[in-house]
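Visitor: I am new to looking at protein models, and I would love a close look at one single part. Could you pick a helix and walk me through it and what surrounds it?

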Amino acid sequence: QTIATGPAAAQIAIKQLGTNGGGFFNVNVQAVRRAVMREPWVREVTVRRVWPQSLNLQVQEQQAVARWGSAGLMNAEGAVFRPDPATFPTGLPVLNGPAGTEHLMLERLRYIEQVFTGQGLKVATLTLSERRAWSLDLVTGPDVILGRTQFVGRLQRFAAAARHELAGRMDALRVVDMRYTNGFAVQWKTTAAAATETENHGQTN
């Protein structure tokens, strides 16, 4: 008999195991653990024998906080796991970046969410290009170009503009380019031309 405790998503792997007909004393506990850990949604599992003829499996399921590209999910520790895409939760922000930047991108996402607190702004996609340039897309609102430098300052300036100059107009914006010394440029959904919102046009990277 197998006594399984843990999230429903992990139960499929557990139910397929049983004792493999080996009997209570012959069950390889570590082999059972390894088999359950092969289920991508399983983060950790402990297996112990319970007298007289049971196995107790305690399963901790992965908790996805973001998508990693098109084929992966990321947990709160920045680790990527790859379950069946059909099981992906909906509404998660998507992180797109070079391999090895997973933890950095999760840190930046958390910082962005902190800066946006109380403003009704939600990140749909955060992207770090191969040239290490940052940009983000909002769920309802424009794409925001932050560039390769001054991430914190540019993000904070955008948040301030969303509260003031751009308040009530976010849905009408296609792009906001923050790569300017003291201001930003915007592109409206109704025109292909960019309109500068500041007298300082000195663009940086």
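Guide: Gladly! Let us start with helix H3, whose buried residues are Glu 102, Met 105, Leu 106, Leu 109, Ile 112 and Val 115. Please keep in mind that this is a predicted model.

H3 covers residues 102-115, which makes 14 residues. You can check its length yourself: at 1.5 Å a residue, H3 should span 20 Å, and its end C-alpha atoms are indeed 20 Å apart, so the expectation and the model agree.

Now pick out Leu 106, one of the buried residues of H3. Leu 106 is in contact with Glu 77, and so is His 103. Glu 77 itself sits in the loop between strand E5 (72-75) and strand E6 (80-81). To see how Glu 77 lies relative to the helix, look at Glu 107: the two residues are 30 apart along the chain, yet their C-alpha atoms are separated by 9.9 Å.

Is Glu 77 buried or exposed, or something in between? Its relative accessible area is 41%, and because the range between buried and exposed runs from 20% to 50%, Glu 77 counts as partly exposed. Glu 77 also touches Arg 43, and here the two side chains make a polar contact at 3.0 Å.

Back on the helix, find Arg 108. Arg 108 lies over the face of Phe 151, at 4.2 Å from the ring centre.

Follow the loop of Glu 77 onward and you come to strand E6, where Phe 81 belongs to an aromatic pair. A search of the whole structure finds three aromatic pairs. One of them joins Trp 41 and Phe 81 edge-to-face, with 5.3 Å from centre to centre and 70° between the planes. This pair links distant parts of the chain, since Trp 41 is in the loop between helix H2 (29-37) and strand E2 (42-50), while Phe 81 is in strand E6, 40 residues apart. Both Trp 41 and Phe 81 are buried.

Finally, step back to the whole chain. The protein chain has four helices and 13 strands, and 40% of its 205 residues count as buried. Among contacts with a separation of 6 or more, 44% are between residues 24 or more positions apart. The accessible surface comes to about 11,100 Å², and carbon and sulfur atoms account for 49% of that surface.

Terms used:
Residues numbered from 1 in each chain as written. Predicted model: local features only at pLDDT ≥ 70, side-chain atom pairs only at ≥ 80, totals over all residues. Heavy atoms only, no water. Helix = DSSP H or I, 4+ residues; strand = E, 2+ residues; numbered from the N terminus. Buried < 20%, exposed > 50% of the residue type's maximum accessible area, 1.4 Å probe, protein only. Contact = heavy atoms within 4.5 Å. Polar contact = N/O pair within 3.5 Å; in protein donor to acceptor, adjacent residues only side chain to side chain. Areas by Shrake-Rupley, 256 points an atom, 1.4 Å probe, with all protein chains shown as cover. Expected span 1.5 Å × (residues − 1). Phe/Tyr/Trp six-rings, centres within 6.5 Å; stacked < 30°, edge-to-face > 60°. Lys NZ or Arg CZ within 6 Å of the ring centre and 35° of its normal. Lists of a residue's contacts leave out its neighbours within four places in sequence.
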